[in-house]
Amino acid sequence: MRFPAVLIKVSDCTSRVPVLLSFQAHGFFSRLQAKPQRNGNARSSFGIAFDIDGVILRGQVPVGGSPQALGRLYDDSGATKVPFLFLTNGGGVPESRRAIELSGLLGVNILPSQVVQGHSPFRNLLNRYEYELIVATGKGEPAVVMSEYGFKKVLSLEEYASYFENIDPVSQYKKWTTCDLATKARRHEMFEPDYDIFSEKVRAAFVVSDPVDWGRDIQVLCDILKSGGLPDKHYGDQPALYFAADDLEYQAAFPTKRLGVGAFRIALECIFNRIHNKPLQYTSYGKPNPFVFKNAETILRKIQLNDKNEDAQSHSFETIYMIGDNPPVDIKGAKQAGHPWFSILTRTGVFRGKDNDPDFPADRVVDTVEEAVEYILQREFCL
């Protein structure tokens with residue numbers, strides 16, 4: 001499925017957590033009497049989309065009874081009884097690795113197909129940039145992510161900047177890098193440029209996840225974007241710029257909210273528009289864009305069909321529950337997507353209010369994800 005682009009014109013980390021070899025048995029579903037299906041389909045009439053940060057995890061720590069909540073969606077054999085996925089604006093690592101990490105942290109078997117990250121839509125741009133030079137930035141392994149999507153000429157912004165002496169005027173004062181030595185060595189083994197970095201234009205820049213070195217990234221991106229793709233050359237048309245998400249804030253391990261990709265976008269945009277005679281052009285993906293929810297619905301259908309050779313469009317859900325903690329991102333997105341989405345807001349992340357959010361009210365407000373799953377199962381099954 002191709003994602004529609006929304007163009008807005010305006011004034012590594014290599015650790016892998018092993019998959020658990022056994023899973024806790026849950027006999028809950030064996031005691032349920034399912035409601036009659038109005039469409040006569042024996043398959044589940046509902047699915048669930050979970051946000052991660054602030055709902056399932058805070059940092060690397062499960063919150064809100066998330067392991068117990070997810071465990072109730074599996075039968076005694078470890079097979080899923082309810083189709084679900086993780087729909088997050090986060091990222092920085094390939095979906096396959098994120099699935100392994102989540103499996104280890106939560107004690108259930110998560111498949112890569114159940115992980116939809118903010119940068120997942122970038123793979124749909126492969127036909128446009130497969131053989132073009134692109135740069136990628138963000139925490140984790142942004143270049144590895146793009147390489148796994150099939151892009152042939154991709155460099156991290158750190159790697160790209162290393163070819164241009166003094167492009168980062170304060171680099172000599174830094175005592176750290178955004179990638180460890182093992183990651184750099186692996187990237188050089190995977191990719192040795194067979195072209196001239198100084199003569200080939202950068203055709204697109206991708207902000208895959210939250211940038212680590214804002215100062216360097218803003219400087220180098222401004223150089224690339226205002227020069228037409230060659231930092232030390234004359235002005236030209238701006239290369240394409242893509243953001244995996246546009247969250248201003250999100251909930252991480254720190255008690256209060258942290259600045260997200262949207263904050264970086266605002267900083268870059270303000271500076272670029274002051275030093276260039278044309279406003280910055282960019283494309284933002286991620287929640288709350290409705291197409292993200294439509295794509296998630298299609299993926300849930302495929303999960304429901306268990307990869308059988310059936311048309312995913314032939315099966316529709318009566319309800320898809322979006323469980324999130326960020327009203328202007330999770331709840332707004334589900335509301336904009338419309339039927340069959342039903343929004344549930346938790347109090348374990350960005351939202352901490354006593355009542356519903358006044359600007360983007362959810363269909364249901366709960367304290368934790370465990371309470372959200374309990375509500376869904378009560379609503380969908382006769383106990």
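**Exercise 1. S343 and its surroundings**

Work out where S343 sits, whether S343 is buried or exposed, and which residues S343 is in contact with.

*Solution.* Start with the secondary structure: in this predicted model, S343 is part of strand β16. Next, check the accessibility. S343 has a relative accessibility of 1%, and the cut-off for buried is under 20%, so S343 counts as buried. Finally, list the neighbours, skipping anything within four places in sequence: S343 is in contact with M322, I331, A334, K335, A362, D363 and R364.

**Exercise 2. A334, a partner of S343**

Place A334 in the fold, decide whether A334 is buried or exposed, and find what A334 touches.

*Solution.* A334 belongs to helix α10. With 2% relative accessibility, A334 counts as buried. Leaving out residues up to four places away in sequence, A334 touches F293, M322, W341 and S343. You can add a distance too: I344 is 10 residues from A334 along the chain, and their C-alpha atoms are 9.5 Å apart.

**Exercise 3. How α9 and α10 pack**

Find how the axes of α9 and α10 are arranged, and say which residues make the contact.

*Solution.* Two numbers do the job here: packed helices are described by the angle between their axes and the distance between those axes. The axes of α9 and α10 come within 8 Å and cross at roughly 75°. An angle of 65 to 115 degrees counts as roughly perpendicular, and α9 and α10 are therefore roughly perpendicular to each other. On the α9 side, the contact is made by P290, F293 and K294. On the α10 side, V329, D330, G333, A334, Q336 and A337 take part.

**Exercise 4. The nonpolar cores**

Which residues of the largest nonpolar core touch the most other members, and which element supplies the largest share of this core?

*Solution.* The largest nonpolar core has 35 residues, and L85, L87, F122, M146, F206 and W341 touch the most other members. Now go through the elements: β6, α3, β8, α4, β10, α9, β15 and α10 each supply at least two residues of this core. The largest share is seven residues, and these come from α9. There's also a second, separate core of 32 residues, with L70, A99, Y321 and V366 among them.

For a local view, take F122. Not counting residues up to four places away in sequence, F122 touches M146, Y149, F151, F206, V207, V208, Y242, F243, A244 and Y285.

**Exercise 5. Two helices against the ruler**

Check whether the spans of α8 and α11 agree or disagree with 1.5 Å a residue, then pick out their buried residues.

*Solution.* Take α8 to begin with. Its 15 residues, 261–275, should span 21 Å, and the end C-alpha atoms are 21 Å apart, which agrees. Buried in α8 are V261, G262, A263, F264, R265, L268, E269 and F272. Their cover includes β10, α7, β11, β13 and β14.

Now α11. The 12 residues, 369–380, should span 16 Å, and the end C-alpha atoms are 16 Å apart, so α11 agrees as well. The buried residues of α11 are V369, A372, V373, Y375, I376, L377 and E380.

**Exercise 6. Backbone oddities**

Which peptide bonds before P288 and P340 are cis, and what is notable about phi of N166?

*Solution.* Keep the background in mind: most residues other than glycine have a negative phi, and most peptide bonds are trans. A cis bond joins K287 and P288, with omega about 15°; P288 is in the loop between β14 and α9. Another cis bond joins H339 and P340, with omega about 10°, and P340 lies in the loop between α10 and β16.

Then turn to N166. Its phi is near 70°, a positive value in a residue other than glycine. N166 lies in the loop between α5 and α6, and is exposed, with a relative accessible area of 63%.

**Exercise 7. R258**

Locate R258, then find its accessibility and its contacts.

*Solution.* R258 is in strand β13. Its relative accessible area is 32%, so R258 is partly exposed. Leaving aside neighbours within four places in sequence, R258 is in contact with L248, E249, Y250 and A252. The C-alpha atoms of R258 and L248 are separated by 8.4 Å, with their positions 10 residues apart along the chain.

Key: Residues are numbered from 1 along each chain as its sequence is written. This is a predicted model: local features need pLDDT of at least 70, side-chain atom pairs count only at pLDDT 80 or more; totals for chains, interfaces and linings use all residues. Side-chain values use heavy atoms; hydrogens and water are left out. A nonpolar core is a set of buried Ala, Val, Leu, Ile, Met, Phe, Trp, Tyr and Cys residues joined through side-chain atoms within 4.5 Å. Buried means under 20% relative accessible area, exposed over 50%, partly exposed in between (1.4 Å probe, protein chains only). Helices (H or I, at least four residues) and strands (E, at least two) are DSSP runs, numbered from the N terminus. Contact means heavy atoms within 4.5 Å. The expected span of a helix is 1.5 Å times one less than its number of residues. Axes are lines fitted to C-alpha atoms, for helices over the stretch in contact, and angles run from 0 to 180 degrees between N-to-C directions. Angles under 35 degrees count as roughly parallel, over 145 as roughly antiparallel, 65 to 115 as roughly perpendicular and the rest as oblique.
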